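Please open the model in your viewer and keep the selection panel at hand. The stops below go from cysteines to ligand to core.

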Amino acid sequence: MGICPFAGAFADQVITRGGYDAVVATTLCDQMRRVAGALEPRLPVPLFLFNLPSTWEHEGPERLYRDELARFGLFLSTLGGIPPSREKLANQMLLYARARQRMQSLRASLTGTSFLAMLAHFHENGPTVKGEEYIPGPRRGLPLAIIGGPALACFHHIFQFIEERGGLIVLDGTDTGERSFPGPFDMDRARDDPIGELTKAYFATIPHPFRRPNTFLYSWLRKEIPERDVKGVILLRHSWCDIWHAEVMELRKSISLPLLDLELNNEDYDGAGISCRTANRILSFLEVIE
Ligand code: SF4
């Protein structure tokens, strides 16, 4: 009771799935911190808790992030991992950067539902994603942005429902969507100092409401919303997520567009489709914008 469904699903998977040598969690929110604390004594393998600084305006937090990356590398070595050379790490970064570029170059020809499927493949399998197989044909509909927490399977039903009812998701600002792409790498610097370049591209770039101050998030929205001609924004909020909940008022003030604050409920997560309440709220929102 009272657990965010994403954090809960993470805990369930860790406990039931097995077949892994370690568990990695971050301190991004209280829920994940608590889940990590509750899991650790029950796990047969080590758990690494990555300290993710929320502040960013001074050098200290960036240094801490960099140190955490190095500490994570050491942790992997204790499990038998072999530290890569700088060249090898930089090449791996390039591989991922190219996969993200490939996905971004296809974005304008994909519906939000197909883009979500492509992202799921990327998150699960890494840079093997090709992309062309996700292009379903012409895109039409009312351009919308979706922002919010990380995608679970229920997001697929919701994206599909929206796009079958006349919406077109042109911007995926969920925690697993385009907003979570790091900035571009400078490959010369990456070959010299890959950890430093990873820190810049991830810590200094990715916008998220947990950052303090969270101005990156709003500058990202101010840039992306007009570029994609977005007419309305849907906030998909996992219940018990204080971080996104706290953002609702500020989002209403800042984006000057209709905003649907959609807190998901239990029936949305059962895998069978979406709840009547969620469906009705989406339909009313689409009607209002039209
Ligand atoms: S959705 Fe919110 S509460 Fe859940 S893990 Fe993410 S930040 Fe934490």
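How many disulfides does the structure hold? The count is 0, where a disulfide is a pair of cysteine sulfur atoms within 2.5 Å. The model is predicted, so local features need pLDDT of at least 70 and side-chain atom pairs count only at pLDDT 80 or more, while totals for chains, interfaces and linings use all residues. Residues are numbered from 1 along each chain as its sequence is written, and side-chain values use heavy atoms, leaving out hydrogens and water.

Select Cys 276 and Cys 154. The sulfur of Cys 276 has its closest cysteine sulfur in Cys 154, 15 Å away, which is too far for a bond. Cys 276 is exposed, at 60% relative accessible area; exposed means over 50%, buried under 20% and partly exposed in between, with a 1.4 Å probe and protein chains only.

Next, select the ligand and the residues with a heavy atom within 4 Å of it. These are Cys 4, Phe 6, Leu 28, Cys 29, Gln 31, Met 32, Pro 150, His 238 and Cys 241. The shell has 7 nonpolar, 2 polar and no charged residues; nonpolar here covers Ala, Val, Leu, Ile, Met, Phe, Trp, Tyr, Cys and Pro, charged covers Asp, Glu, Lys and Arg, and the others, Gly among them, are polar. Cys 4 counts as buried because its relative accessibility is 9%.

Finally, select Leu 221. Not counting residues up to four places away in sequence, Leu 221 touches Ile 147, Pro 226, Leu 251 and Ile 255, contact meaning heavy atoms within 4.5 Å.
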